[in-house]
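User: Please take a close look at one part of this model, and set that part within the whole for someone who is new to it.

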Amino acid sequence: MTVFDAKAGDLTLGVVGAGVMGRGIAQIAALAGLRVLLADARAEAVEEGLNFAAGMIGRLAEKGKIGEEQADAARARLVATDAGPDAGYAAFADCDLVIEAVAERMDIKHAVLKGVEAAVRPDCVIATNTSSLSVTAFAAAADRPERVAGFHFFNPVPLMRIVEVIGGARTDPAVLDALCALAERMGHFPARATDTPGFLVNHAGRAYGTEAVRIVSEGIATFADIDRVMVEIAGFRMGPFELMDLTGLDVSHTVMEQVYHQYYEEPRFRPQPLTAQRFAAGLFGRKSGEGFYAYKDGRKQMPPEAAPPQGSLIEHPVWVGQGAEADMLAEYLDSIGIVANRDEKPGAEDLCLVAPYGADVTTIALRRGLDARHAVGIDLLFGLKERRCLMTSPVTASDYRDLAWRLFLADGGKVTFIHDSPGFIAQRILACIVNTGSDIAQQRIARPADINRAVELGLGYPKGPLAFGDALGPERILAILEEMQDFYGDPRYRPSPWLKRRALLHVPLLTEEA
């Protein structure tokens, strides 16, 4: 199929839907040199959309990011049309590409598709900006489905410099090539993906929230505990609950359920009743004034941390055992004036510090023949950051817990204590993120490098899932998942073949296959 040349200077783009997404697409397209015809079922929405886009272009000029002549030229390329379901789409007759950005309802999108297809040239590409509906199902209503594709931008379009380019079952590859080239012309990274539930970014993002909610649902930690750990230890800009409050649980929970059901109840994406209950209560987050956190004058009210034990560090024998993690713990203890017991077995009264990957303190105590009353776990997945995540068994004595607490406060650090869990907070969430990214690669939904870049741009993670896995060690991630799967007997934690093979072969997850 012959389609538009993305580098041509006289391209005309039609945009149906002048809402937040449509006006954002119009703005970046006009700045990239395209003539943009904006349409909406409401005439006033077109005027509002064009005024908004023109205003944002003007602000770029005011800030010196573009010249006045460039801004004037871009604004002149924004054109209002009366194209729509009532007037027809005749104004789009000469368009090279039309993007629909209307409500996320297939019946509405199909009506737009039928109207546009009847008006445009045979070589005009028709794209949907859907974030959650099947591109193949959208294209099924077209007379020429080979020219229909997904072109999914993220909100706000000018700032989120990524667009998913999705081929339906019958999309011509030339259409996808042209859309990728056009995305680059607009200054956006084209993440090419197959038509699967959640596409690439929403698919990859399932693990962060769903595993965090499961940890809370098991009584292991609080919302604030998890957010503090994921920000201060794992390096995320926002914890999962703060993020869900920002996006709105009405959006987050809906997407959780959509992806889960669209994948025919795939256990990896299983939501928890907790979010359904809070959704029903209207606890949507910032937009409702209360979500996982309360908001006062728009500011999150972070609950205080648990008060540390009173008193100073006391002399008491501390056993760390042997191995790389024991070396790290012994070095820390030495820095605060404590000589660690490095014997194979602890003394009868020793505080037993363990650093498991994927296992809980109970399991480790039983495996190693330790007294579970004296055992405390610490997460060393990211080393010893300023905040430390510690774990107790159900029978850990309070004086041993408090001793460990004081030890890891002694250098001015912070401590988050959680209940016994197969895998600490960061271990569980990161292992699920890496596993989900690995399975996206395994299913050939997107190239490994594109998976990483798309997640960094679309979700703001400090690393893409495969890069995270390589940084933390595929073998270690595999061990965490296998421990969790063995403990729970839940296929949610079954390792992706992509991860398992590369961990066993000791090669990076980002390795492309021949």
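## Helix α10 and its surroundings

Analyst: Among the protein's contacts (heavy atoms within 4.5 Å) between residues at least 6 apart in sequence, 70% join residues at least 24 apart. The model is predicted, with local features needing pLDDT of at least 70 and side-chain atom pairs counting only at pLDDT 80 or more, while totals for chains, interfaces and linings use all residues. Residues are numbered from 1 along each chain as its sequence is written, and side-chain values use heavy atoms, with hydrogens and water left out.

The protein has 20 helices and 15 strands (DSSP runs of H or I, at least four residues, and of E, at least two, numbered from the N terminus), and its C-alpha atoms fill a box of roughly 85 × 50 × 45 Å along the principal axes. Of its 514 residues, 55% count as buried (under 20% relative accessible area; exposed is over 50% and partly exposed in between, with a 1.4 Å probe and protein chains only).

Within this setting, helix α10 covers residues 240-247, and its buried residues are P240, F241, E242, M244 and D245. These buried residues pack against three helices, namely α8 (206-217), α9 (223-232) and α11 (249-262), and they also pack against the strands β9 (294-296) and β10 (299-301). Just after α10 comes G248, which takes a positive phi of about 100 degrees.

Elsewhere in the chain, helix α2, spanning residues 43-62, includes R59, and, set beside the buried residues of α10, R59 is partly exposed, with a relative accessible area of 43%.
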